[in-house]
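Please look through the structure below before reading on. The paragraphs that follow take it one part at a time.

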Amino acid sequence: MKFIVSSSSLLKHLSAINGVVTTNPVVPILENFLFEILDSKLTVTASDLQTSMMTEIEVEAKEDGNIAVPAKILIETLKNLPEQPVTFSIDKETYSIEISSDNGRYKLAGENATDFPRIPSVTNASTVEMSTDVLSSAIANTIFATSNDELRPAMTGVFINLSSTNTTFVATDGHRLIRYRRVDIASPEATSIIVPRKALNLLKSTLPTENVPVSVEFNTSNAYFKFNNIKMICRLIDERFPDYENVIPADNNNDMVINRQEFLGSLRRIAIYANKTTHQVRLKLTGSELQISAEDLDFSNEANERLSCEHEGEDIEIGFNAKFLVEMLNNISAKEVTMKFSAPNRAGLILPSDLNENEDILMLVMPVMLSNYV
């Protein structure tokens, strides 16, 4: 079997799906790309059993065939080759691969393609379409709040709830919660899925900068994403997601409107002086002034700053983990944010301004009890 392909074009396609490949996988053959040629079209597949990605590229080939090619050595070879046509010659008996370029030959050992795990298909699927801009925004606004706790698998992914009027994306790690809602995505039948964090990170890094449609098909076990010449199929998390709506406090009679960049900058500076274990900072609202402070009694470090803000409600003092606040504010592009409080022992809400008419974002962060403040 032999085919000819542009070195830079092949590298571009392989780099798009290479993030799936893991070192020391459960099944050794998963260190390889699966190459399949049919009618002068090369389909390359990478998989880790949970997530699989496929890409297609036109090649010059006179016969069909398949082979498993070592991913790492192939990527490294192509990275160091200048743009030129390269010829792949595969011995079907020994699975050896020879790559010929203008100035060299490179031999590597492939494997039998039949040993590569079969990629599942999505049957009895529901379908929804969205643009890459919308999907990118949904992922960027939620994925950072997913949990790393494997004992709570439902929280290690993003919960997507589709209804006839909108689609809601939710992520939480138990300390903070993000609810991102789009009214420009809807499904005739109400349904929900939990997509793993790794799959969404792969999508985030692969989605093109130009705005193109993304087709999403899913059933109870798998989701299938398709855009341009990329396809991704991932196993869904089969767990019950927490009842997040009950966590959101309803009566928040304390509102603070503040410049996001000023607030973020102040938190970053004050956080330097916070306890390195708890990262606790105090927010003290008095009239139209916000005082941000932190201290670390172990090293006699302390800092405080004052910012002006718009405030409606009674004076309040509340503690938060600075790392959570910084990360949440850093993932917003709004000029101003509104923070809502009800009591020092209840969650605070962050609502960005300047949203477009199709989206709604609510960020919730749990307080740190000031009685434990050290």
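Strand β2, residues 32–38, pairs with β6 through six bridges, and the two strands run in the antiparallel sense. One facing pair in this ladder is E36 with N66, the latter in β6. Strand β6 covers residues 65–70, and five of its six residues are buried, so the strand is mostly covered. This description rests on a predicted model.

Next come two helices. Helix α1 is made of residues 7–17 and helix α2 of residues 71–79; their axes come within 9 Å and cross at roughly 135°. Angles over 145 degrees would count as roughly antiparallel and angles of 65 to 115 as roughly perpendicular. α1 and α2 are therefore oblique to each other. Their crossing is left-handed. On the α1 side, S7, L10, L11, L14 and S15 make the contact, while α2 contributes L74, I75, L78 and K79. Sorted by class, the residues in this contact of α1 with α2 are six nonpolar, two polar and one charged.

Another set of paired strands involves β10, β15 and β16. Strand β10 (residues 126–131) and strand β15 (residues 213–218) are antiparallel partners joined by six bridges. Here T127 stands opposite E217 of β15. β15 also pairs with strand β16 (residues 222–227), again in the antiparallel sense, over four bridges. In that pairing E217 stands opposite Y224 of β16. The residue E217 thus links the two descriptions: it faces T127 and it faces Y224. Between β15 and β16 the chain makes a hairpin through three residues.

Further along the chain is an open sheet of four strands. Their order is β21-β20-β19-β23, and the pairing is antiparallel. Which strands stand at the edges? They are β21 (301–308) and β23 (316–321); each has a single partner strand, so one side of each is left without a neighbour in the sheet. From one strand to the next, the twist averages 20°. Strand β19, residues 280–286, is joined to β23 by six bridges, and these two strands run antiparallel. Within this pair, Q280 stands opposite N321 in β23.

Two helices pack on this sheet. Helix α5 (residues 260–271) touches β19, β20 (289–296) and β21, and its direction makes about 170° with that of β21. Helix α6 (residues 322–330) touches β19 and β23, with its direction at about 85° to that of β23.

The loop between α5 and β19 contains A274. Is A274 buried or exposed? Its relative accessibility is 1%, and the cut-off for buried is under 20%, so A274 counts as buried. Leaving aside residues up to four places away in sequence, A274 touches H279, Q280, A294, E295 and D296. One of these, Q280, is the residue opposite N321 in β23. A274 and N229 are 45 residues apart along the chain, and their C-alpha atoms are separated by 48 Å.

Finally, consider the protein as a whole. It has six helices and 26 strands. Its C-alpha atoms fill a box of roughly 80 × 50 × 35 Å along the principal axes. Of the 374 residues, 52% are buried. Among contacts between residues at least 6 apart in sequence, 66% join residues at least 24 apart.

Terms used:
Residues numbered from 1 in each chain as written. Predicted model: local features only at pLDDT ≥ 70, side-chain atom pairs only at ≥ 80, totals over all residues. Heavy atoms only, no water. Pairing = 2+ DSSP bridges. Axes fitted to C-alpha atoms, helices over the stretch in contact; angles between N-to-C directions. Contact = heavy atoms within 4.5 Å. Parallel < 35°, antiparallel > 145°, perpendicular 65-115°, else oblique. Left-handed = near helix turned anticlockwise from the far one by under 90°. Nonpolar A, V, L, I, M, F, W, Y, C, P; charged D, E, K, R; others polar. Buried < 20%, exposed > 50% of the residue type's maximum accessible area, 1.4 Å probe, protein only.
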